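Here is a walk through one model, going from its rings to its sheet and then to its odd backbone spots. Keep the viewer open while you read.

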Amino acid sequence: AFDKGRLPDDMFASLGAYYYNNRNPPHKVLEEWGRHKGVFVNYWETDVNFIQIPWHLKRRWQGRLRELVEAWSGCVLETTDMYGMREYTKGARLLTHVDRESTHAASMIVNIAQENVSKPWTIEVHDHADRLHEVVMEPGDIVYYESAKALHGRNTPLHSGNYINLFTHYRPLDDPEWFHK
């Protein structure tokens, strides 16, 4: 399952202000993929940058975003991870994939900003009936999705500019084996 929504204004203001004030080095760094780079993001063709977030802000944002995901999913959830802010640059692609089962039961993509993006860069999500949906996002939009079950990606390269997202992930509270049920 998946759905599209909108951030509350105060959350969008907080996330956007943090990005705007920290979008340059030393806070912005080239994302390091390490030994397990994978092939989902075409890091070998284009830069993908990472805007580092202090732990105290991460915890605050994760808690607020968890409330939104819980309302969407109808489940009490625990936070498992937050990626980003990730800045994709011209030419970036994200191959279709699913995420880790143990930690990514209910997830959210938050579009923080788009800079000089000349045409929409759709997120492609497959629903439970395997129908493809191409979702256009604007800054402040959120996409809820079951990222361990729903195939998702951005197979069309980003045409121009920079596209900044935050990803946050949850699973049912006290149920790390939820995916075996």
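Is W72 buried, exposed or partly exposed? The model is a predicted one, and in it W72 comes out as partly exposed, because its relative accessible area is 23% and the partly exposed class runs between the 20% and 50% cut-offs.

**Rings and their partners**

Let's stay with the aromatics for a bit. A pair of aromatic rings is described by the distance of the centres and the angle of the planes. By the pairing rule used here, the count comes to four aromatic pairs. One of them is Y18 with W61, an edge-to-face pair with 5.8 Å from centre to centre and 75 degrees between the planes. Y18 sits in helix α1 and W61 in helix α2 (residues 55-73), so this pair ties together parts that are 43 residues apart in sequence. Both Y18 and W61 are buried.

W72 has a ring partner too: W72 and Y144 are stacked, at 5.3 Å centre to centre and with 15 degrees between the planes. This pair also links distant parts of the chain, with W72 in helix α2 and Y144 in strand β9 (residues 141-145), 72 residues apart. Y144 counts as buried because its relative accessible area is 10%, under the 20% cut-off.

Elsewhere, ring pairs link Y88, W121 and Y163 into a cluster. W121 has a charged visitor as well: the charged end of R154 sits over the W121 ring, 4.7 Å from its centre. You'll find a similar arrangement at W55, where the charged end of K58 sits over the ring at 4.6 Å from the centre.

**The sheet and the helices on it**

Now for the seven-stranded part. Seven strands make an open sheet in the order β1-β9-β6-β11-β4-β3-β2, with antiparallel pairing. β1 (2-6) and β2 stand at the edges with a single partner strand each, so one side of each is left without a neighbour in the sheet. On average, neighbouring strands of this sheet are turned by 25 degrees against each other, direction ignored.

Zoom in on β6 (residues 106-115) and β9, and you see an antiparallel pairing over four bridges. Here M108 stands opposite Y144 in β9, and that is the Y144 that stacks with W72.

Which strands does α1 lie across? They are β1, β2, β3 (48-51), β4, β6 and β11, and α1 runs at about 50 degrees to β6. α2 packs on the sheet as well, touching β1, β4, β6, β9 and β11, and its direction makes about 110 degrees with that of β4.

**Around β7**

β7 is worth a look of its own. I123 and V125 point one way from this strand, E124 and H126 point the other way, and all are buried. β7 and β8 run antiparallel and are joined by four bridges. Two bridges join β7 to strand β10 (residues 152-154), again antiparallel. E124 has a residue opposite it in each partner strand: E134 in β8 and G153 in β10.

The hairpin of β7 and β8 has five residues between the strands, and in that hairpin D130 takes a positive phi near 65 degrees.

**Backbone oddities**

D130 brings us to the unusual backbone geometry, gathered here.

| Site | Feature | Value |
|---|---|---|
| P25 to P26 | cis peptide bond | omega about 10 degrees |
| G84 to M85 | cis peptide bond | omega near 20 degrees |
| D130 | positive phi, not a glycine | phi about 65 degrees |
| D174 | positive phi, not a glycine | phi near 55 degrees |

Where do these fall? P26 is in the loop between α1 (9-22) and β2 (28-30). M85, in contrast, is found in strand β4 (residues 77-89). D130 lies in the loop between β7 (123-126) and β8 (132-135), while D174 is in the segment after β11 (162-172).

Are D130 and D174 buried or exposed? D130 is exposed, because its relative accessible area is 53% and exposed means over 50%. D174 is exposed too, with a relative accessible area of 65%.

Definitions and conventions. Residues numbered from 1 in each chain as written. Predicted model: local features only at pLDDT ≥ 70, side-chain atom pairs only at ≥ 80, totals over all residues. Heavy atoms only, no water. Buried < 20%, exposed > 50% of the residue type's maximum accessible area, 1.4 Å probe, protein only. Phe/Tyr/Trp six-rings, centres within 6.5 Å; stacked < 30°, edge-to-face > 60°. Lys NZ or Arg CZ within 6 Å of the ring centre and 35° of its normal. Pairing = 2+ DSSP bridges. Axes fitted to C-alpha atoms, helices over the stretch in contact; angles between N-to-C directions. Contact = heavy atoms within 4.5 Å.
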